Amino acid sequence: MRYELVVNGTPREVDSSWLGESLLYVLRERLGLPGSKNACEQGECGSCSVLLDGRLVCACLVLAASAVGAEITTVEGLGGEGPEDLDPIQRAFVEAGAVQCGFCTPGLVVAVHDLLRRVPQPSEWEIREAISGNLCRCTGYGRILDAVQRAARAFAEQAVTR
Amino acid sequence: MTVTVARSVPEALQALAADPPPEVLAGGTDFMVEVNFARRRPEAILAVSRIDALGQWQQSDGQLRLGAGVTYTQLLEPPLAELAPALAQAARTVGSPQIRNAGTIGGNLVTASPAGDTLPVLLALDAEVELASAQGTRTLPLEAFLLGPKRCARRPDELLVAVRFPAPFGRQEFVKVGTRNAMVIAVASVCVVLDPGTGQVRIALGSVGPTPLRARAAEAYLAEQLVPQGTGPTATSAFELRDGDAALAEVRRLVAEAAQPIDDHRSSAAYRRHAVGVCVARALERLLRPAPGAALGEVAA
């Protein structure tokens, strides 16, 4: 059974897959996009966060075959290829030291994208609520909160200089 | 295995007329967990998350009709949050932003978990559900729809298309207890709806029985106890309890008595019984304060 998914603006064919596969599995195992991480497979950890038609969701809870015709954005679609092409949120995570083991980082970056697009200057409580579905077992979240505030400032400055 | 992605309700009903009917997949927040862990291996899936009409809602004649595909995120934002404030409070306690963006009110109803967060609210609002099939549409009161833990009255060939209840209606509070604030399944929850016009109260309990339960003895007792503060032109939507703190204690006792909790891995029955009393007391303390502006309280009478 064949179907096509539009991932990061590019149509991608999914072939010889079992139709019950989650979007997370298809992204990682069928389409070679390992940025979305696989941990809990039950929507608890947020490490597989993607945007589905602009909505932040857990890719592990999306039936891939039901996403035909939807726009899927993964962490790979946010920045460029190399360390020079990081988007402002990724850069803020690096600069704030918000990355330890790095496993939760892609999911957090996607969640923070969703937050800053909706709420460009979030309060600390808005940030905490926005990342409440993204578990990090290393950092204690302090530097992640720093990174989000840093990214919000970077976006604000970008908007001013434009 | 087959997957059908329906784009309209008629298309979905046609697919459900097959023998055997496909299994309905909405937001996936429960269904896909079972698939991922190989606890469910459907032969055929009907995905309804792309049916735009199911994500819409209408308000008319004092009734709100929510399409089954309305998400928790939709519920907690205005204008729905203003039309159904307790439903917004409940939606805000569900999962995380990711879960609230995917999970739907129809999914919460059909999954029929005793801990479903919107269920006590819908019960306290006397909600009705609309079930459609190729044979036609039927409407059931929520109490007749929810049959037991994870059991509801939907036939396999039916699609839950909408839920209806009065809105805006009275003053409403939802209170939930769990082990933390985010990503938590309820240990106990309570919804209290107070109609300032009639002084009637409805109390529904969540997570303390096989289905959400009405606490009818507590409702009857409260109806006797509520005294409006002030009369005539100085009347507010604030109420007092005739017997004050003693009345609050009696409501807690009656609510705890109405609960039918069990011991499980989330809580002991004894703690649930205690917690549900605490929840109702907190909800009442909030409701007995003067209404925050006329927005919600005054409309219903």
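Contact here means heavy atoms within 4.5 Å. By that rule, 15 residues of domain 1 of chain B touch 14 residues of domain 2 of chain B. Chain A and chain B also meet, with 31 residues from chain A and 29 residues from chain B in the contact. This is a predicted model, in which local features need pLDDT of at least 70, side-chain atom pairs count only at pLDDT 80 or more, and totals for chains, interfaces and linings use all residues. Residues are numbered from 1 along each chain as its sequence is written, chains are lettered from A and ligands numbered from 1 in the order in which they are written, and side-chain values use heavy atoms, with hydrogens and water left out.

**Chain A against chain B**

- The two chains bury about 2,400 Å² between them, 57% of it on carbon and sulfur atoms. Buried area is the accessible area (1.4 Å probe) that two parts lose on being put together, summed over both.
- Two salt bridges are counted between chain A and chain B. The term covers a side-chain nitrogen of Lys or Arg within 4 Å of a carboxyl oxygen of Asp or Glu.
- A:E129 pairs with B:R100 in a salt bridge, with the closest N and O atoms 3.2 Å apart.
- The rule finds 11 residue pairs in polar contact across this interface, both residues at pLDDT 80 or more. A polar contact is a pair of N or O atoms within 3.5 Å; within protein, one must be able to donate a hydrogen and the other to accept it, and residues adjacent in sequence count only if both atoms are side-chain atoms.
- On the chain A side, β4 (55-58) and α4 (124-130) are the elements that give two or more residues. Helices (H or I, at least four residues) and strands (E, at least two) are DSSP runs, numbered from the N terminus.
- The largest share of that side, four residues, comes from β4(A).

**Domains of chain A**

- Chain A is assigned domain 1 (3-77) and domain 2 (83-161). The bounds come from an automatic or database domain assignment.
- Taken over C-alpha atoms, the domain centres are 22 Å apart.
- These two domains of chain A bury about 1,100 Å², of which carbon and sulfur atoms give 65%.
- A:K37, A:L56 and A:V75 supply 39% of the area that domain 1 of chain A buries against domain 2 of chain A, more than any other three residues.
- The rule finds zero salt bridges across this domain interface, but four residue pairs in polar contact, both at pLDDT 80 or more.

**Domains of chain B**

- Chain B divides into domain 1 (2-111 + 126-166) and domain 2 (171-288).
- The area buried between them is about 1,200 Å², with 52% on carbon and sulfur atoms.
- Three salt bridges are counted between these domains of chain B.
- B:D126 forms a salt bridge with B:R202, the closest N and O atoms being 3.7 Å apart.
- Six residue pairs are in polar contact across this interface, both at pLDDT 80 or more.
- α5(B) gives the most to the domain 1 side, with five residues.

**Buried sites in chain B**

- Six of the eight residues of helix α5 (residues 85-92) of chain B are buried, so the helix is largely enclosed by the rest of the structure. Buried means under 20% relative accessible area, exposed over 50%, partly exposed in between (1.4 Å probe, protein chains only).
- B:T118 sits in the loop between α7 (105-111) and α8 (119-124) of chain B.
- B:T118 counts as buried because its relative accessibility is 0%.
- The side chains of B:T118 and B:N108 share a polar contact of 2.6 Å.
- Beyond its neighbours within four places in sequence, B:T118 has contacts that include B:L87 and B:A90, and both of these are among the buried residues of α5(B).
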